[in-house]
Amino acid sequence: MLARLQTEGEVDLAQAARDQVLQRHSARSALPTGWQDDLTAALADTGLLVVAGDQFRFLHQSFAEYLAAWEYAREIPADGKGLEAWIRRASEGTDQTLSRFVLCRWASRVDCSTDLLIDRILTHPYPERSLLAASLIVEGIEVNEERCTRVVRLVVGVFRNDSEEYQTAVDALSALGTRYDTAGILKDLATAMELTSTQRFHALIGLNRLVDPAITSQLLMPILELMYGLLPKAAQLAQQLNEYARQAVRLRVDDLLAEPDAGAWESTIAAETYRALGADEDLRRAARGTLDDPLADKDDLRRAVVAWLDSSLLPEVTAEIVRLGRDRPSFDHAGRLALALALEQAGALTAASELALEVVEAEPFTTSHGEAMNVLLRIKGAAVSESAQRLLARAQESGCESWRQALLLQAMTEAGVHYPVHEWVKSQLSGDGESPTNSEIIIGLWVAAHEGATLNEFRALIGDGTRLNLNARVRYAEILLNAGHVGEAARVATLALQSSIMKDRQYSLAAKVLLKVDSKRAVEVMTSQLNGTVFTSGWARGVLESIIREASPELDELSVRIAERLLEFPDANSSDVAGAIYTLLALGDQGELVHLAERVCRHQSLDLDDQRGLARAFASCGYEEIAREIWRFLLSVRGSSNGTNFILLEDVSQSLSPKITEHLVRELMVADPPPPPYHRQRLHTMLAWLNSSPVRA
């Protein structure tokens, strides 16, 4: 019971435990004197809870989630009613660990069917759900061979088609290899020339967990010559293999540095690779090359220094980094700041302070100055109070935006520097005109300095919120929600949603606040606006994003209605239409998939890139035949160039296979009615390209 209460956000577990005891003892006289202290001691003796004063919490959230899962799982009927909500939360919600525990516990009940669970998950087999099914099988739930084969095939489809989830897919295939034979599948993927070198390399990492290192080393060689940014990871893999692999990685780095246009990015990659190989002298040489390069950007500088400091934190090393930072071009404040942040992260606080001070004292004032002052405040606290106040005065004199000043004031406040924050905030927000840009940051500063502010205090400072610009208004609604003023938060969020000129991310945040306050009321408001004049493509995108993030089946109907309306909206652009079709693919009627694919082909607002992405989305869900119909249409479009055709051929090859791609082209050549002469010539060109391209190789 206590575990469940913690997962549901209950703060006072001690009182909840006492209330539970009292409920079970109707006569208080039956309880011995001092039973409350005995109860706390008994709970602490379990080792699962930690006591702090008169309160206690579970030692780790995962303990609470594991124990609570048993209670939740008992409430789900054996027929699976109620599973969908937990499946959504497990695949895309914010409490995935708890939800996966619940599904595993439900599947372990003798009256429940694991096959039913997998079937429910794959009712809408988009990538997150396919990967969830695989993870549950890895966790040990038993399913029959047919369902396991389907899950593996879907995970392979995710790997081939989903650029965001392919690494998770490889991890799933590798983990499944301890129970099912997926090593052969991973080997095929690692050697598939139609895939990118990045995909093949990650497949190889997954395979390495299942086969002899000598096999991995042999398969690494042809991939290595195509690699650039992943060379540090290749070095990590080579360290697990053999000397032959390590030498091959070193030779590849030498080739990279010898390229005629090699610069800071290449020397940074080299530094990280040498660090993974343990070649510290080569690492230092490469890192110096990056820091000496006047054109190196802040990210390259940071990465090079992180690799260097990972090998040594000796004073002479940090001193050299400080010297090289000082020697950078005088205007490169962002570069020196990046070095200071890397030094701070590594624990070299004195060196970090020196470089941060260089930035703070430099002229003229830039945005890097405030961030550098933050470094000094974190390291030295109130000891740099005078320096911080001088910088704030410089910021004000230079006309720096109020919200940037607020960020500096927030860092000063957190470091214990005294400053009249309340008066400063009032001076910024007073008056009758529109409040400053990013006023929410200024309001956040005031909230941090006035913990527990009442609603009347908020209103005295902000008014009814109409003076805030639209972005600040939705952020203000979120601040009110976090402060516990849920009614006012809902009012301000509703006010924001009534605007027809916000951006999608602003609509998304307003909808998020409203859904957290009262989901039922939120649906009423959004349904009303869907049918009214407020509806815009930005409103639809933003509201859809928040609704889908809630992962609640009760909101599916509204999501589908918004998506359908967006598809018919005349001002919707290609990205809008693609988002609507993705929503219908995930949540809509599975009997309408063919019609949905027809919309991919024919919708006048969709551009080629989004059509390609949608074809791969269908393929990643296991709807390969429907994806082929989309590609068949795109390849038959009159007037497309050879370059476009070759891109489409690569798409089909990477998604399915080169053999299927060739078959698709040959089908078009013998279509009825036959293609006109010009298009037939294009199809012959496609076949010739397939037979000579790296895909075929």
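A residue counts as buried when its relative accessible area is under 20%. The exercises below apply this cut-off and others to a predicted model.

**Exercise 1. Two residues with positive phi**

Determine whether Asn438 is buried or exposed, and state where Asn438 is found.

*Solution.* Step 1: Asn438 lies in the loop between helix 25 (421-429) and helix 26 (439-449). Step 2: its phi is positive, about 55°, although Asn438 is not a glycine. Step 3: the relative accessibility of Asn438 is 19%, so Asn438 counts as buried.

Carry out the corresponding analysis for Ala551.

*Solution.* Step 1: the loop between helix 32 (537-550) and helix 33 (556-568) holds Ala551. Step 2: Ala551 is not a glycine, yet it has a positive phi of about 55°. Step 3: because its relative accessibility is 5%, Ala551 counts as buried.

**Exercise 2. The packing of two helices**

Describe how helix 12 and helix 14 pack, and identify the residues that make the contact.

*Solution.* Step 1: two packed helices are described by the angle between their axes and the distance between the axes. Step 2: for helix 12 (residues 197-208) and helix 14 (residues 231-240), the angle is about 25° and the axes are 11 Å apart. Step 3: angles under 35 degrees count as roughly parallel, and helix 12 and helix 14 are therefore roughly parallel to each other. Step 4: the crossing of helix 12 and helix 14 is left-handed. Step 5: helix 12 contributes Phe201, Leu204, Ile205 and Asn208 to the contact, while helix 14 contributes Lys233, Ala234, Leu237 and Gln240. Step 6: sorted by class, the contact of helix 12 with helix 14 comprises five nonpolar, two polar and one charged residues.

**Exercise 3. Cis peptide bonds**

Which residues does a cis peptide bond join, with omega about -5°, and which with omega about 5°?

*Solution.* Step 1: the bond with omega of about -5° joins Glu363 and Pro364. Step 2: Pro364 is placed in the loop between helix 21 (349-361) and helix 22 (367-380). Step 3: the bond with omega of about 5° joins Asp672 and Pro673. Step 4: Pro673 belongs to the loop between helix 39 (658-669) and helix 40 (677-692).

**Exercise 4. The nonpolar core**

Name the residues with the most contacts inside the largest nonpolar core, and list what Trp539 touches.

*Solution.* Step 1: the largest nonpolar core has 217 residues. Step 2: Leu117, Trp539, Phe618 and Trp631 have the most contacts inside this core. Step 3: leaving aside residues up to four places away in sequence, Trp539 touches Leu497, Tyr507, Met526, Gln529, Leu530, Val534 and Ile562.

How values were computed. Residues are numbered from 1 along each chain as its sequence is written. This is a predicted model: local features need pLDDT of at least 70, side-chain atom pairs count only at pLDDT 80 or more; totals for chains, interfaces and linings use all residues. Side-chain values use heavy atoms; hydrogens and water are left out. A nonpolar core is a set of buried Ala, Val, Leu, Ile, Met, Phe, Trp, Tyr and Cys residues joined through side-chain atoms within 4.5 Å. Buried means under 20% relative accessible area, exposed over 50%, partly exposed in between (1.4 Å probe, protein chains only). Contact means heavy atoms within 4.5 Å. Axes are lines fitted to C-alpha atoms, for helices over the stretch in contact, and angles run from 0 to 180 degrees between N-to-C directions. Helices (H or I, at least four residues) and strands (E, at least two) are DSSP runs, numbered from the N terminus. Angles under 35 degrees count as roughly parallel, over 145 as roughly antiparallel, 65 to 115 as roughly perpendicular and the rest as oblique. A crossing is left-handed if the near helix is turned anticlockwise from the far one by less than a right angle, and right-handed if clockwise. Ala, Val, Leu, Ile, Met, Phe, Trp, Tyr, Cys and Pro count as nonpolar, Asp, Glu, Lys and Arg as charged, and the others, Gly among them, as polar.
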